Amino acid sequence: FRILLKKVMIKDKSAGENNDNKSWNRLLNEEEEALFKGLISQLPVLDDVTLKRHLPFHLEFELYGFCDASNNGLAAVFFLRTYDPNSNARLVSFVLGKSKVRPMNTDSDAPDSIPRLELMSCCILAELFLTIQEAYQLPTVKYTCFTDSSTVFHWMKAKTGTLNPFQHNRISHIQSSGIKSLHYVRSAENPADLGAKGCPAK
């Protein structure tokens, strides 16, 4: 829905229309209406989605975070991997995720556009990390965080003086959350890719 709304707003903006009350109330064209009806038809599928309310933080655990970005949006997600020494069982549970539509004021033609968006998705990951620590009162957390952007991966390792203000400010924000480093993961193995690019409910 957010991607559809963004497309409507961008189309109005490119046509010289202001994104005001008139644009919010206008009728959708055929293409937009078909996309909207397609989204509506998938809503019943969400009734079958279930998430565990209890997370076994009392066991030996580690958090795994992933972030990604695309021309559609940004996304980050955390999973909990636990190990029970008594039963020798390993379990992976969804903890928290967040997605956002790509900011409209970013230039899609800029050569560093996607890496900048990838860095912004890492900031979302950092915010989720802080939220989890506060919500579950975790003073120390074993974690591993991943990005599929080789550019952001190297920015995190770069010396402060080699970064521009945009990069420096956001990396400082990420590191202040407690995330000191990122690991690289292939896009095909990055679960945050679904939230960044969008996917059908099925």
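**Notebook: helix α6 and its surroundings**

I checked the length of helix α6 (residues 165-176) in this predicted model: its 12 residues should span 16 Å at 1.5 Å a residue, and its end C-alpha atoms are 16 Å apart, which agrees. The expected span is 1.5 Å times one less than the number of residues, and helices are DSSP runs (H or I, at least four residues), numbered from the N terminus.

I then looked up which residues of α6 are buried (under 20% relative accessible area, 1.4 Å probe, protein chains only), and found Phe-166, Gln-167, Ile-171 and Ile-174. They cover an arc of only 110° around the axis, taken from the directions to the C-beta atoms, which puts them on the same side of α6. The face turned away from that side carries Pro-165 and Ser-176, which are exposed (over 50%).

At the start of α6, I noted a side-chain oxygen of Asn-164 within 3.1 Å of the backbone nitrogen of Phe-166; after the helix comes Gly-178, with a positive phi near 115°.

I asked what covers the buried residues of α6, and the cover includes α4 (113-135) and α5 (150-157). The contact between α4 and α5 (heavy atoms within 4.5 Å) is made by Pro-115, Arg-116, Glu-118, Leu-119 and Cys-122 of α4 and by Thr-151, Val-152 and Trp-155 of α5.

For the record, residues are numbered from 1 along each chain as its sequence is written. Local features need pLDDT of at least 70, side-chain atom pairs count only at pLDDT 80 or more, totals for chains, interfaces and linings use all residues, and side-chain values use heavy atoms, with hydrogens and water left out.

Definitions and conventions: Helix = DSSP H or I, 4+ residues; strand = E, 2+ residues; numbered from the N terminus. Polar contact = N/O pair within 3.5 Å; in protein donor to acceptor, adjacent residues only side chain to side chain.
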